[in-house]
Amino acid sequence: MAKVQKINGIRGMNDILPADEPIWTEFEEVCKDALRMYGYKQIRTPILEATPLFKRGIGEVTDIVEKEMYCFTDSLNGEELALRPENTAGVVRSVIEHNLTYNAPQRLWYFGPMFRHERPQRGRYRQFHQLGVEALGFKGPDVDVEQILMARRIFDELNILPLKLELNSLGNLEERREHRQALITYFEAHQDVLDEDAKRRLYSNPLRILDTKNPDMQALVEGAPRLLDYLKNDSLAFLNRLEHLLSVNDIEYKINPRLVRGLDYYNHTVYEWITDKLGAQATVCGGGRYDPLVEMLGGRPTPGVGFAMGVERVLEVMREFGFESNEPDTEMYILHMGGETQGYAMVLGEILRDAGYDVIVHAGEASFKSQMKKADQSGATFAFICGEEEVTHSQVTIKRLFGDPSERFMKQETLDLNEAIQYFVDVQKEFLDEE
């Protein structure tokens, strides 16, 4: 028979293996707890959306839409569809479609995969995951600060502080238009320094030139007109109130006048949480205010603000800070000698699971030595041995595999089955009461 060629995964779309599960679980549980504290509710939107949603919501003259989106035509009905490259547009689409802000503002959060066709690198993949929040119907800036506080709480619970917070104000549309024209005039006078990307963006999206990583353009960008210098009274008052609320909450930050978003729907607050642990991929979370977006997507004028956290990048930082899972893979491993002892072991497993424990019952038949080796490898705290003697006398032999030498069951101990079950039921109850 000819050798069958194996099929590998798509480049940049990575498997999350069982060994990675503890760090993902830690991240998800910490985030869910924090989001609940601030009154945010989960929303789950489809991975596929209509392509025009992103063209309108993100902008046609952006790298995401021009170069990175996975788009296709549905062969069954001719619809133009795209894998979501981000989720703010999808959440806003859902809010409009289901009229969620009709009676009250909404605090929402999401978690899931996004897709962009770009060069895979550390913490950045073609399928990547984001945790994000969107608050719709709040004028701010108190909710802007609320989300910054929430992000700090998450980072603190994940033990990855300190991170640096940089922020800027994008003002309103009129102020950005004045600044945009000043940028065009400035860069037109220095065309000899502009690279091809900058020349392409000069008239379509000049703000993005300020984001360049080209070292030959850094001096030019540093001398460019600053948006902060074009802010009028209302925008300055918004920024001042934001800074005051950050200060009274002991949030350290730096104003970065080069921090921008090249999309018209962003206004006022824009910020990034930055780490020095990931080399060039320094941003782990970015947020900002997008008051015009709901109207741009067909809804009633509704203010909005949110952030998105790059999960893979946060996990990389957690690893850099020495993340270790203290949770065993399972709590109990039940051994048996096959035949009647196997059924006995399976019944015991169900009783212990009913009591709230994680239990592996050895599958198949193997020697006692082989099963003990697997019990050790499983990370279980206890081994339960169901041999023929135990079954005959309705007993179980218990051995602690990990723990302090002074703890019970460090030496094998055979107990009446009901007595053993009651002991572990009581232990679990005591543990839950302490929580």
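Trainee: Which backbone nitrogen does the side chain of glutamate 86 reach at 3.2 Å?
Mentor: That would be the backbone nitrogen of alanine 89. Keep in mind that we are looking at a predicted model. The glutamate 86 side chain also has a polar atom 2.8 Å from the backbone nitrogen of threonine 88.

Trainee: Where is glutamate 86 found?
Mentor: Look in the loop between strand 4 (80–83) and helix 4 (88–97).

Trainee: Is glutamate 86 buried or exposed, and what about salt bridges?
Mentor: Glutamate 86 is buried, yet it has no salt bridge. Arginine 116 is the nearest side chain of opposite charge, and it is 6.2 Å away. A salt bridge needs the nitrogen and oxygen within 4 Å, so that pair does not count.

Trainee: And which residues is glutamate 86 in contact with, leaving aside neighbours within four places in sequence?
Mentor: Phe54, Ile58, Met114, Arg116 and Gln130. You have already met one of them, Arg116, as the nearest opposite charge.

Trainee: OK, back to salt bridges. How many does the structure hold?
Mentor: There are 16 of them. Take glutamate 178 and lysine 232: their closest N and O atoms are 3.4 Å apart. Glutamate 178 belongs to helix 6 (residues 173–188), while lysine 232 sits in the loop between helix 8 (218–222) and helix 9 (233–248), so this pair ties together parts that are 54 residues apart in sequence.

Trainee: What are the relative accessibilities of those two?
Mentor: Glutamate 178 has a relative accessible area of 35%, which makes it partly exposed. Lysine 232 is at 42%, so it counts as partly exposed too.

Trainee: Which partner does glutamate 272 have, and is glutamate 272 buried or exposed?
Mentor: Its partner is arginine 261, with the closest N and O atoms 3.5 Å apart. Glutamate 272 is in strand 9 (residues 267–274) and arginine 261 is in the loop between strand 8 (254–255) and strand 9, so the bridge ties together parts eleven residues apart in sequence. Both glutamate 272 and arginine 261 are buried.

Trainee: What about arginine 353 and glutamate 350, where do they lie?
Mentor: Both are in helix 12 (residues 340–354), three residues apart, or about one turn of the helix. In their salt bridge, the closest N and O atoms are 2.6 Å apart. There is also a network in which salt bridges with shared partners join Asp20, Glu316 and Arg319.

Trainee: New topic! Which residues touch the most other members in the largest nonpolar core?
Mentor: Phe155 and Trp273, in a core of 47 residues. Helix 5 (residues 142–157) gives the most to this core, with eight residues. Apart from it lies another core of 27 residues, including Phe128 and Tyr290.

Trainee: Why would nonpolar side chains be buried together?
Mentor: It is a general tendency of soluble globular proteins.

Trainee: Last one: why does histidine 336 count as buried?
Mentor: Because its relative accessibility is 1%, and buried means under 20%. Histidine 336 lies in strand 12 (residues 332–336), and its side chain reaches the backbone oxygen of histidine 362 at 2.8 Å. Leaving aside neighbours within four places in sequence, its contacts include Thr341, Val361, His362 and Cys386.

Trainee: How far apart are histidine 336 and alanine 282?
Mentor: They are 54 residues apart in sequence and 52 Å apart in space, C-alpha to C-alpha.

Notes:
Residues numbered from 1 in each chain as written. Predicted model: local features only at pLDDT ≥ 70, side-chain atom pairs only at ≥ 80, totals over all residues. Heavy atoms only, no water. Helix = DSSP H or I, 4+ residues; strand = E, 2+ residues; numbered from the N terminus. Buried < 20%, exposed > 50% of the residue type's maximum accessible area, 1.4 Å probe, protein only. Lys, Arg positive; Asp, Glu negative; His and termini not counted. Polar contact = N/O pair within 3.5 Å; in protein donor to acceptor, adjacent residues only side chain to side chain. Contact = heavy atoms within 4.5 Å. Core = buried A, V, L, I, M, F, W, Y, C linked by side-chain atoms within 4.5 Å.
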